[in-house]
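Biologist: Before we discuss particulars, please place the structure in view, and I shall put my questions in turn.

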Amino acid sequence: MEIALDKLGKIITGNTPSKKNKDYWDSKDIVFIKPNNLNIYNLKLFEKDNEYLSEKAINKARTVDANSILVTCIGIVGKVALTTSEKTAFNQQINAIVPNKNIFPKYLAYALMYCRPRLASIANAPVVPIINKKQFSNFKVNVNLNKIDQITIVKQLDVINKIIENKNEQLNKLDELIKARFVEMFGDPVLNSNDYKLIKLSNLGTLSRGKSKHRPRNDPKLLGGPYPLIQTGDITNSGIFIKKYNNTYSKLGLKQSKMWPAGTLCITIAANIAQTAILSFDACFPDSVVGFIPKADIITTTYLHYWFSFFQKILDAQASQVAQKNINLKTRGAS
């Protein structure tokens with residue numbers, strides 16, 4: 001049965017108490033969740049780099065109890081987590097669902113994980129994908145309202161999810177091995193341990209921002225055609241190569257954008273800074289993404305993809321942050 005989310009629980013959009021008031025942030029009374037604390041692959045919250053509010057901010061924050069569902073609705077849309085603390089605060093990029101008595105919280109959380117591509121597809125793109133509270137509240141999920149069935153399904157999904165976690169851990173270890181081999185072959189790119197000559201990235205190939213003159217939400221006729229539209233979330237969620245997409249442009253959409261060829265290295269410059277992946281098909285992307293086409297006789301996109309994996313945290317730290325992190329093309333130009 002398809003039911004809108006606001007019929008399954010109370011919807012709350014988070015906020016951020018003033019950073020100027022140091023009293024709000026002077027103790028670790030209440031955990032404060034941001035999008036980077038949510039995991040793409042499971043319902044667990046990352047505890048690393050947590051922020052906390054003091055009790056003095058309780059009336060300025062929006063909080064939920066344990067077993068509430070958090071969903072990212074700006075940037076990487078559709079990351080889902082289940083709260084475990086008795087009191088959890090969260091920022092404005094996250095919507096919470098406090099489930100009613102008809103739904104088992106973890107069951108609804110899993111249902112939303114399954115719906116993630118569909119949820120991402122309705123985001124108001126292209127610069128920074130966003131789903132407003134009304135859209136989120138009206139979003140429908142297919143659920144079984146029998147609580148016994150819900151619990152049985154959750155137990156089965158927990159087993160499957162544990163297998164997926166173990167496989168992802170293996171992949172992470174392999175990725176670390178690749179980085180180690182990279183350093184062994186080419187030296188540490190951060191320290192430049194092999195004393196290579198420094199060259200601007202813009203001198204190694206064509207480097208320019210994506211293009212999208214109009215937001216699709218302002219004209220639905222821009223969407224729904226045969227031309228793939230890649231966004232920051234598609235890059236972050238892919239491996240080395242981008243092999244799938246959630247949105248497409250029509251002929252009208254293509255006219256106000258630009259088609260990049262397969263083999264282009266896509267680099268995010270908003271929300272998730274310096275994440276990279278290589279197009280495996282021709283596609284458009286907005287100006288929250290930079291495209292790099294290397295001079296084939298000088299460098300390869302695969303080499304640069306791994307090179308960026310070392311520098312990602314450094315570039316992310318350089319990004320300005322107001323509502324959303326971003327980094328400009330000039331910062332990208334140095335290598």
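**Helix α1 and its surroundings**

Modeller: Let us begin with the covered side of helix α1, whose buried residues are Pro105, Tyr107, Leu108, Ala109, Tyr110, Ala111 and Leu112. Please bear in mind that this is a predicted model.

Biologist: How many of the residues of α1 are buried?

Modeller: A residue counts as buried when its relative accessible area is under 20%. Helix α1 is mostly covered by that criterion. Of its 10 residues, the number buried is seven.

Biologist: Against which elements do the buried residues of α1 pack, and at what angle does α1 run to β7?

Modeller: The buried residues of α1 pack against β6, β7, β9, α2, β10 (140–142) and α4 (147–186). The helix lies across three strands, β6, β7 and β9. Relative to β7, α1 runs at about 170°.

Biologist: Which element gives the most residues to the largest nonpolar core?

Modeller: The largest nonpolar core has 28 residues, and those touching the most other members are Leu5, Ile69, Leu108, Leu112, Phe136 and Val141. At least two residues of this core come from each of β6 (69–72), β7 (80–82), α1 (105–114) and α2 (116–121). With five residues, the element that gives the most is α1.

Biologist: How many residues does the other core hold?

Modeller: Another core lies apart from the one just described. Among its members are Leu207, Ile273, Ile299 and Phe311. Its residues number 19.

Biologist: Which strands stand at the edges of the open four-stranded sheet, and why is one side of each left without a neighbour?

Modeller: The sheet has the order β2-β9-β6-β7, with antiparallel pairing. Each edge strand has a single partner, so one side of it is left without a neighbour in the sheet. The twist from one strand to the next averages 20°. The edge strands are β2 (9–13) and β7.

Biologist: Which residue of β9 is the bridge partner of Leu70?

Modeller: Strands β6 and β9 (residues 94–99) pair in the antiparallel sense over four bridges. In β9, the bridge partner of Leu70 is Ala96.

Biologist: Turning to helix α3, is Ser137 buried or exposed?

Modeller: Ser137 lies in helix α3 (residues 133–138). Leaving out residues up to four places away in sequence, Ser137 touches Ala4, Leu5, Asp6 and Ile11. Its relative accessibility is 11%, and Ser137 therefore counts as buried.

Biologist: What is the separation of the C-alpha atoms of Gln135 and Ala123?

Modeller: Gln135 also lies in helix α3, and at 23% relative accessibility Gln135 counts as partly exposed. Along the chain, Gln135 and Ala123 are 12 residues apart. The separation of their C-alpha atoms is 8.8 Å.

Biologist: With which residues is Phe136 in contact, leaving aside its neighbours within four places in sequence?

Modeller: Phe136 is one of the residues that touch the most other members of the largest nonpolar core. Outside its sequence neighbours, Phe136 is in contact with Leu5, Ile11, Val71, Cys73, Asn95, Ile97, Leu119 and Ile131.

Biologist: How many residues apart are Lys56 and Asp26?

Modeller: The side chains of Lys56 and Asp26 meet in a salt bridge, at 3.1 Å from N to O. Lys56 is in the loop between β4 (51–53) and β5 (63–64), whereas Asp26 is in the loop between β2 and β3 (30–33). Lys56 is exposed, with a relative accessible area of 52%, and Asp26 counts as partly exposed at 43% relative accessibility. The pair links distant parts of the chain, with a sequence separation of 30 residues.

Biologist: Which residue meets Arg181 in a salt bridge?

Modeller: Arg181 and its partner are three residues apart in helix α4, so about one helical turn separates them. Arg181 counts as partly exposed, at 40% relative accessibility, while the partner counts as exposed, at 61%. The N to O distance is 2.7 Å, and the residue that meets Arg181 is Glu184.

Biologist: How many salt bridges does a search of the whole structure find?

Modeller: Another pair in helix α4 is Glu169 and Lys173, four residues apart, whose side chains meet at 3.9 Å, N to O. This distance lies within the 4 Å cut-off for a salt bridge. For the whole structure, the search finds nine.

Methods: Residues are numbered from 1 along each chain as its sequence is written. This is a predicted model: local features need pLDDT of at least 70, side-chain atom pairs count only at pLDDT 80 or more; totals for chains, interfaces and linings use all residues. Side-chain values use heavy atoms; hydrogens and water are left out. Buried means under 20% relative accessible area, exposed over 50%, partly exposed in between (1.4 Å probe, protein chains only). Contact means heavy atoms within 4.5 Å. A nonpolar core is a set of buried Ala, Val, Leu, Ile, Met, Phe, Trp, Tyr and Cys residues joined through side-chain atoms within 4.5 Å. Two strands pair if DSSP finds at least two bridges between them. Axes are lines fitted to C-alpha atoms, for helices over the stretch in contact, and angles run from 0 to 180 degrees between N-to-C directions.
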